[in-house]
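Got the viewer open? Let's take a walk through the model, one selection at a time.

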Amino acid sequence: MPYPDFWNPKHEALPREELQALQLLKLRRLCEWAYATTPFHRRKFDEAGFRPEHIQTFDDLRRIPFMTREEWMASLQEKPLFGDTLATDPTNAIRYHLTSGTSGRTPIRVLDGTKDWDWISEMWCYGLWGFGIRPEDSVYFAFGYGSFIGFWGAHYACEKIGALVVPGGAQTTESRIKQIVELGVTTVASTPTYALHLWQKAREMGIDLATQSKVNKVILSGEPAGSIPAVKRQLEEAWGAQCGDTAGMTEIGTIMIFECSHHSGGTHIIEDHFIEEVLDPNSAEPVGYGELGERVVTSFGRGFIPLIRYRTRDMVMKVPASTCTCGRTWDLYSGGIRGRWDDMKLIRGTNVYPSAVEAIIREYPAIDEFQIYIWRKDEIQDEIDIKLEIKPGFEHTWPELQTRLAKDLAEAHEGLRFNVVRMDYGTLPRFELKARRMTDARPVARY
Amino acid sequence: MMTPTTDLLGKPLNEQEQEMLAVYETLKRLVARDDLPPCAARNLRQALASLWQATNDLGLQFEQLYEYGV
């Protein structure tokens, strides 16, 4: 019997009115769970005068207070390690992951129970199956397997699908290229930037991945570039393979959108497991199909830390399911995640908040002024420089300061490499009013 | 506890869904026992977590399992 096109044919083609009825039922139960078990949500619901029983129609969703990253961070800082966001005892957890925070060294920390962790890979199964991964595939993960959630869920999803998984782990790029070719893998999972880097390095080694590897699919995640047509075209030509974009976040633990094998230019929302609202970032009023807005997510997955109406600050444009020819009834985000409504930057898959960088830099009294400079090396690799001036009289601290600051910044950002560069004293701009200490010199994406 | 005869949307369960849900409920009963050896207790929890995915994906149940350590 041939494989069906959908991982879950029952729900991926569910009529939208039934889909909404399912979401409504799950929403009410999720709110009941959160109110009964999670001090964070109980407090917020009480403050807003909201009770789970108020959820009677889908419009009642808007009665639920928003959850913000700032509130979550405040809870973590007030009550380390996890704040008051946990719905159950931490001893029920089997997994710990983190993502960089908005201020200083405090990361967002998350826990998952056994069924949550399995659910995380389940969401990847929807996406990977929809993109065309099958048991016959062998999938190479160009991924470091640290405490950053990254491709962990995709790894286990491929095992669940029955594909052969090759964990790339801690290896050099050259070693990874050799394995990709020698093992004849059919699929590579990578950030868009690193996929381009692999191709470029392979060329330097005299290997043309398009003709000398068996790779016919590249799974992209971690950066918006996976849905930028020019980057995608470049990647597909370089690898001689189809590229499929996905996007997720540590706060939900997994992906919530994926590009299917019909490549409509958008990413389907996994709507039986998430409610994705798109709102005006200022007024918080819903925006219509085809309009840019802010993603607000409610997740029916990880029950350990309920995520209800979480304001992501991601910039998206929702379009109807009919935009794609695959037959799914799930709406899409045209162009995937298009950017941010705040000043967070995504550097090689890692979130960087200028406020967090500044908080760490300010721990060094020898530093006078600084600038964060983000740029793209060789048209493919994003780099982040910290340009700084040393106060007169502290010059002798420079070599050690450079090493220590780079280490501190990396530790607060999942190992991301920061280039710490000393500037001559007095050369960086000074500010009397609102400081502008960040420049993003990367090319602007065109959709 | 009676195994439901409809899914979350009120549609009658087909034969395979009924069987899945019955196995799911059996696993819940089993993992609630405190006399299982570790090899059974932990593997049954793994199995229950997996079956939670299938039954949840198909809209047969939506519940949390932390009380079972899952």
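Start by colouring chain B by confidence: its pLDDT averages 96, and 97% of the residues score at least 70. Keep in mind that this is a predicted model. For the model as a whole, the scores are ipTM 0.97 and pTM 0.91.

Next, show both chains and select the contact between them. You should pick up 20 residues from chain A and 17 residues from chain B. Colour the chain B side by class and you get 9 nonpolar, 6 polar and 2 charged residues.

Now hide chain B and go to the open sheet of 4 strands in chain A, ordered β19-β18-β17-β20 with mixed pairing. Which strands stand at the edges? Select 419-422 for β19 and 438-440 for β20 of chain A: each has a single partner strand, so one side of each has no neighbour in the sheet. Look along the sheet and the twist averages 20° from one strand to the next.

Stay there and add residues 381-390, which are β18 of chain A; this strand runs parallel to β19(A), paired over 4 bridges. To see one bridge partnership, pick D385(A) and its partner N419(A) in β19(A).

Last stop: helices α5 (residues 114-131) and α6 (residues 152-161) of chain A. Their axes come within 8 Å and cross at roughly 70°, which makes α5(A) roughly perpendicular to α6(A). The crossing is right-handed. Show side chains here: among the residues that meet are I120(A), W124(A) and L128(A) from α5(A), and A154(A), Y156(A) and I161(A) from α6(A). By class, this helix contact has 11 nonpolar, 2 polar and 1 charged residues.

Methods:
Residues numbered from 1 in each chain as written. Chains lettered and ligands numbered in written order. Predicted model: local features only at pLDDT ≥ 70, side-chain atom pairs only at ≥ 80, totals over all residues. pLDDT = per-residue confidence, 0-100. Contact = placed C-beta atoms within 7 Å. Nonpolar A, V, L, I, M, F, W, Y, C, P; charged D, E, K, R; others polar. Pairing = 2+ DSSP bridges. Helix = DSSP H or I, 4+ residues; strand = E, 2+ residues; numbered from the N terminus. Axes fitted to C-alpha atoms, helices over the stretch in contact; angles between N-to-C directions. Parallel < 35°, antiparallel > 145°, perpendicular 65-115°, else oblique. Left-handed = near helix turned anticlockwise from the far one by under 90°.
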